[in-house]
Structures are given as structure tokens and as C-alpha cells.
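Reader: I should be grateful for a close look at one part of this assembly. Please concentrate on the protein surface around the DNA, and then on the helices that belong to it.

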Number of protein chains: 4
Amino acid sequence: MKYESSKPIYLQVMDSLKQRMVTGDLRPGDQLPSVRLLAIEYDINPNTAARVYKELELEGICFTKRGEGTFVTEDPDLIRSLKEQTAKSIVKKFIKEMTGLGYDKFEIIQKIQKEGDENDSIENGKTD
Amino acid sequence: MKYESSKPIYLQVMDSLKQRMVTGDLRPGDQLPSVRLLAIEYDINPNTAARVYKELELEGICFTKRGEGTFVTEDPDLIRSLKEQTAKSIVKKFIKEMTGLGYDKFEIIQKIQKEGDENDSIENGKTD
Amino acid sequence: MKYESSKPIYLQVMDSLKQRMVTGDLRPGDQLPSVRLLAIEYDINPNTAARVYKELELEGICFTKRGEGTFVTEDPDLIRSLKEQTAKSIVKKFIKEMTGLGYDKFEIIQKIQKEGDENDSIENGKTD
Amino acid sequence: MKYESSKPIYLQVMDSLKQRMVTGDLRPGDQLPSVRLLAIEYDINPNTAARVYKELELEGICFTKRGEGTFVTEDPDLIRSLKEQTAKSIVKKFIKEMTGLGYDKFEIIQKIQKEGDENDSIENGKTD
DNA sequence: GTGGTCTAGACCACA
DNA sequence: GTGGTCTAGACCACT
């Protein structure tokens, strides 16, 4: 995995894990890789890996059993709402930014259709 | 003006100024407030205000006449392309995030229409 | 039984057993459940169950007869002093914490009476 | 300052700072020592010091201005309720432990008076 | 100057 | 084995 320097690595790893939950790659109750293994898999320092799980736990997406490991929350609703909530806030922020630039809803949708077309064949497969 | 802690203040102020240019509140050739005044208007540190103009200059959107002050670029095309460029990168990033969550183009547009409806009477253009 | 994550499970189980001795639910000389059974009863890892007995033995509250099992100490004085000792250390720690917050003895007692009133019908002795 | 090994240092430092807020040594809006200075004052690693402020911020007791420093929350109610809340939870836990041992309210208060008397002359002055 | 992030490596308690 | 804590020191962005 390659990291953008503009965003903290731990956030990028968190996003990656969230994405894997949302897409069903990781399911409620699943055990997550150990801190050390995550560090290897994502090529980060174990401390950074630990931070990832700590932050996810704060968000209620993970929980930890002492000495056993870290697990995806067992509440499937939480995962579902995670997707919805994330999407909603992204859309909201996007609309706010675009209207701030002076675009109306019609123009915004037009732009999305246009942009979508350009990249449809190129960047579709998520590399992860 | 209230600042998000997630984004550097100088970027937020830059965005605000850009928005004012794009929407016509600030026009090509207009003189911008002095560093000191900008600092007061936006309630930021003078160092931060100076940085704002420095970065805007780097982007070619402003220029400084020594002893006179800082001005909006006199090239109207630059402002126009600024709007287009900004919009394009926002749209691109947005689409990338949404597809990462597993939404396809159709769903994305659907969500925008839905979200757009809720906020139809927009809280637009606060010049602070 | 539900465990707080702030405190090691083995300590919580130890406290539970001690409480049962102090309240007379377990009496001097009584046989304690086997490690395996304890693990099941308390829904803990067998290693953790073993540790519980090991630590209790270190404190002299239990003893083990090889091949027979683990038993509560036969010395009734020990149980009695266990109660006194535990209480004393709890009280000591409590007073230290409260005085640290700036409360004097009078206020502390006031608070206990007030709090005690609210919970007068106690949720006592769940043996699980 | 001397640290107990049973409790994480960062929690002990947090408690110390909270105590200073509750007792009025640190007042709402006050700037807290910088991460580096705190590290020196409390003889801890700067990372640990940073963690202290981060956790306090999570609890809403502090806030951070980027590049400026960390400050005590400006809401005096929050400090007041901090004291009350802390005290209440300590008292509650204490009562629960004591009733678990089989003491009733009267005995508990008796013990506090007795214990208070013993240590009144010895351990009264809070060090730090 | 400030706080935030990251790496490296160690030690400990817990299950 | 697991996660949690701590130290050491570095680098960065922000004000």
C-alpha cells in the first residue's frame, strides 16, 4: 500500500479497514490481524498499527479482548450505518464546496457524469 | 469566521478568498486587505495572514506591489480556470471516495439529488 | 458475569471469590470448583482460572491438595482478617482520592449518606 | 513526582492536572505548559506528555490551538461538574465495594471516621 | 515557538 | 501469543 503524505498514515489505514468492513471483506465479529501483523501487512510501525485499532475502538467499530486480539464490532447495524454516515457526510461536504464555488445542483450532476465518463475505463479497479 | 481544526487555517482562509474571487465578490485587479487587516478580519495570526498571500502568490492568483499592497491577478482567465480546476479536483476526489465505499455513478447522483433536496435553500456565500 | 475492561479479569474473579468467602457463601475448608469448572462458570480462559487459584494461594486464602483440588483455607481468622484488611485498604484509598479532590471528612461522610440513600435497596450478591 | 507502577503514568499525570483544575490552581482558559515543558516538569517522555493532553482533550477538559498551545477549557461549569462527577463515581464505587463485603452504611461511615482519625495528622498535606 | 506524526525498540501484563 | 505503555529521537506542519 502506498500512502499519501498529505494525510496521516494511521488515518489512511483506518480508512482502508473501514472500506474492507463496508464492502464485506471484513465481517462483524471477525478477528482483525494482530497489531504486529497489521504493522507488517501495511508496512507501518507497530505503534502506528496500535493507534489504528485504538482509534477505531473509540469510534466503536472495533473492540478488544485483553490478550486475545482485536475484533470487528459484532453489531452489523453499526457497519451498515458506518457506510451510510460516511457517504452522507462526504456528499454533504461535496455539495457545500461546489455550491460555494457557485455551481447549482444541475451543474454539479453534469460534472459528475462527465468526470465519471472520463475515468470509467481507467481507474475503476480499486487497487487497495 | 469559525475554523475546522482538521484543516490548516491558512488553507481555509485561502479557500475563502478564492471563493470570493470566483463568485465575483473580489474582482481581477482588486486590492486585497493588508496583511494586518486580513489578520484582523479573519481573526488569525499576522504570520498566518502573510502565509496566505505568499501561497496565493505562488499559485499566481495574487501579486504584490512593494509598498502598495497585494492585489488579485488582473487576468480574468486565471480566475475562470481557477474555478474550473478547483471544481474538477473536488469532483474527482469525491468520486474516488464514493466509489471506494462501493457506490456506482448512478447511486452517487441519486444521493446528491436527495441531499440537495434537503438543503435546497442554501446557506450560501457568507462573506463573514 | 460481566467484566470491566479496566481491571484484569483474574483480579475480578479473585474479588468475586473473596467476596463469597467473606459473606459466608464459601466457608473455610470448602472445596473450590476445579480449574476447568471455574473457567466455565466464570466464562474465562482456563489459564486465567488457574492464575486465580495461584494468586489466591499466594495470599494464603486457598490451598491445593494434589489430585484432589483447591480448597478455601481452614483458618477462619484468615477469612475474618481478609475482610478487615480489604475494607481498610479500600477505605484508605477512598479517603486519599476524596481528599485529593478537596473534600474534607465531613463532606465525604455527607456524600456517602446522600449516595447511600439513593441506592438503599442494594443490588447485592449476584452469584452469577 | 513519584509514580505508582500499578497505574499508567499518563493517567497519573492526567489526574494531577485534573486535581490542579479542580482545586483552582489551573483556571478555565489558562494555557497549559507546552508538551515539552510538561514532559520536563513531570519527568516523562514528550510522547507521554502529548498523550496526556490528547486524552484530556477527548474528555473535553482541554482544547488545542494549532501551533499555539493547549489550554484549559473555558467552560467553568465543565470544571465544576468534573469535580462533582469524579467524586460521585468514586463514592459510588466505594459504596459498592463495601456493601459487597457485607458492610452497611452505618459501619462504612464508622470506618471512615476511624481511618480519618488515624491519618489526620500524618498524611494531610498533599505533596505535589 | 507550538502540537502532530512516525519510527525503533523495549518491557510488561494479560489470556 | 495478545495488546498496552513507555522511552528515545526524528521530522513535519502550523502559528
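Author: What follows treats the two DNA strands in turn, then the helix packing in chain D, and lastly chain A and its contact with chain B. The model is a predicted one.

DNA strand F has 29 residues around it, and those that come nearest are A:Ser34, B:Pro8, B:Ile9, D:Ile9 and D:Gly67. Three chains give two or more residues per element to this surface: chain A through α2 (35-41), α3 (46-58) and β2 (69-72), chain B through α1 and α3 (46-58), and chain D through α1 (9-22) and α3 (46-58). Of these elements, α3(A) provides the largest share, namely four residues. Sorted by class, the residues near DNA strand F are eleven nonpolar, 13 polar and five charged.

DNA strand E is surrounded by 28 residues, the closest being A:Ile9, A:Gly67, C:Pro8, C:Ile9 and D:Ser34. Here chain D supplies at least two residues from each of α2 (35-41), α3 and β2 (69-72), while chain A does so from α1 (9-22) and α3, and chain C from α1 (9-22) and α3 (46-58). The largest share of the surface near DNA strand E comes from α3(D), with four residues. That surface comprises eleven nonpolar, 13 polar and four charged residues.

Chain D thus deserves a closer view, beginning with two of its helices. α1 (9-22) and α3 (46-58) of chain D both give residues to the surface near DNA strand F, and these helices also pack on each other. Their axes come within 9 Å and cross at roughly 55 degrees, which means that α1(D) lies oblique to α3(D). The crossing of this pair is right-handed. On the side of α1(D), the contact is made by D:Ile9, D:Tyr10, D:Val13, D:Met14 and D:Leu17; on the side of α3(D), by D:Thr48, D:Arg51, D:Val52, D:Glu55 and D:Leu56. By class, these residues are seven nonpolar, one polar and two charged. D:Ile9 takes part in this helix contact, and D:Ile9 is also among the residues that come nearest to DNA strand F.

α1(D) has a further partner in helix α4 (residues 76-101) of chain D, and the two pack at an angle of about 115 degrees with their axes 9 Å apart. This crossing is left-handed. D:Lys18, D:Met21 and D:Val22 of α1(D) meet D:Ile79, D:Leu82 and D:Lys83 of α4(D). The contact of α1(D) with α4(D) contains four nonpolar, no polar and two charged residues.

Chain A, which also borders both DNA strands, is built from five helices and two strands. Along the sequence, these elements run in the order α-α-α-β-β-α-α. Of the 128 residues in chain A, 21% are buried. Where contacts in chain A join residues at least 6 apart in sequence, 55% of them link residues at least 24 apart.

Chain A also touches chain B, in a contact that takes 26 residues from chain A and 27 residues from chain B. On the chain B side, α1 (9-22), α4 (76-100) and α5 (105-118) each supply at least two residues. The most comes from α4(B), which gives eleven residues. By class, the side of chain B that touches chain A holds 13 nonpolar, eight polar and six charged residues.

Note on methods:
Residues are numbered from 1 along each chain as its sequence is written. Chains are lettered from A and ligands numbered from 1 in the order in which they are written. This is a predicted model: local features need pLDDT of at least 70, side-chain atom pairs count only at pLDDT 80 or more; totals for chains, interfaces and linings use all residues. Two residues are in contact if their C-beta atoms, placed from the backbone, lie within 7 Å. Ala, Val, Leu, Ile, Met, Phe, Trp, Tyr, Cys and Pro count as nonpolar, Asp, Glu, Lys and Arg as charged, and the others, Gly among them, as polar. A residue is buried if 20 or more other C-beta atoms lie within 10 Å of its own, exposed if 12 or fewer, and partly exposed in between; C-beta atoms are placed from the backbone. A residue is near a molecule or strand if its C-beta atom, placed from the backbone, lies within 6 Å of it. Axes are lines fitted to C-alpha atoms, for helices over the stretch in contact, and angles run from 0 to 180 degrees between N-to-C directions. Angles under 35 degrees count as roughly parallel, over 145 as roughly antiparallel, 65 to 115 as roughly perpendicular and the rest as oblique. A crossing is left-handed if the near helix is turned anticlockwise from the far one by less than a right angle, and right-handed if clockwise.
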